[in-house]
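Work through the exercises below with the sequence and the structure side by side, and try each task before reading its solution.

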Amino acid sequence: KQEGEPNIRQINLLFPDNFIEAIDRAMQKWNFAIYDGEKVAPNLIRNSPTVQLNDFVNDSDGLNIIGIDNFEEVEWIEFDPEPLAICHTKLNKCGESDFAPVITDADISFNPKFYFQIMQSIIIDECVDIYDFETVLIHELGHSFGLGHIENISLNYTVMNPSTRKNSINSDLWGEDLCFAYVLHNHNIPCEDFGDPEIDKA
């Protein structure tokens with residue numbers, strides 16, 4: 001959340017131009033998401049087409065960046081399994097409030113070891129490992145405003161489930177995703193019930 005604009009998250013991009021339309025679509029899905037007649041997410045706004053930075057994973061620069069980790073800022077091999085992308089969040093800790101902290105900065109890093117495309121249809125060839133960029137981004141945008149994973153194995157079709165299938169598309173928000181986001185966005189959650197998602201990975 002931006003100071004003075006508590007319900008708006010401006011996003012800068014460190015990504016090829018041909019991915020910008022997919023980024024806009026992903027943000028709009030959260031922007032227009034409704035549950036029980038209420039918005040479920042802050043307004044996500046693309047602030048600029050691209051930014052040129054050598055250090056985009058910075059929790060104090062006031063920028064919310066989406067980019068490929070070409071600068072190798074993330075130690076991907078420390079994770080098991082190695083994630084497709086990571087959302088780095090900076091929290092304004094509870095302090096003065098007894099309710100959930102405000103996320104003041106969120107940067108999304110895509111793992112350069114994986115191959116991302118804007119997929120138009122499911123790929124049948126199992127010899128090709130391709131991940132749908134928009135599917136992964138919608139999931140990471142959920143982390144950017146505080147959503148965790150939906151761990152229930154019977155809900156593995158949801159956007160916020162922790163596993164993303166290769167060669168497949170899952171870019172639609174399901175009822176469980178919307179309900180999860182609605183509770184977070186529209187209710188004051190006691191601070192002790194709120195985790196510390198310094199890094200959320202998918």
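A polar contact is a pair of N or O atoms within 3.5 Å, where, within protein, one must be able to donate a hydrogen and the other to accept it. The model used here is predicted.

**Exercise 1.** Find which backbone oxygen the side chain of Ser 144 reaches, and decide whether Ser 144 is buried or exposed.

*Solution.* Begin by locating Ser 144, which belongs to helix 2 (residues 133-144). From there its side chain reaches the backbone oxygen of Leu 141 at 2.6 Å, and this pair can be set against the cut-off of 3.5 Å for a polar contact. As for exposure, the relative accessible area of Ser 144 is 4%, and buried means under 20%, so Ser 144 is buried.

**Exercise 2.** Check whether the length of helix 3 (residues 175-186) agrees or disagrees with its expected span, and name its buried residues.

*Solution.* Take first the 12 residues of helix 3, which at 1.5 Å a residue should span 16 Å, because the expected span is 1.5 Å times one less than the number of residues. The end C-alpha atoms are 16 Å apart, which agrees. Next, the buried residues of helix 3 are Asp 177, Leu 178, Ala 181, Tyr 182 and Leu 184, and among the elements that cover them are helix 1 (20-31), strand 2 (34-35) and strand 3 (38-39).

**Exercise 3.** Describe how strand 5 (residues 65-68) is joined to strand 7 (residues 102-110).

*Solution.* The two strands run parallel and are joined by three bridges, with Ile 66 standing opposite Ile 108 in strand 7. Strand 7 is itself mostly covered, since seven of its nine residues are buried.

Methods:
Residues are numbered from 1 along each chain as its sequence is written. This is a predicted model: local features need pLDDT of at least 70, side-chain atom pairs count only at pLDDT 80 or more; totals for chains, interfaces and linings use all residues. Side-chain values use heavy atoms; hydrogens and water are left out. Buried means under 20% relative accessible area, exposed over 50%, partly exposed in between (1.4 Å probe, protein chains only). Helices (H or I, at least four residues) and strands (E, at least two) are DSSP runs, numbered from the N terminus. Two strands pair if DSSP finds at least two bridges between them. Contact means heavy atoms within 4.5 Å.
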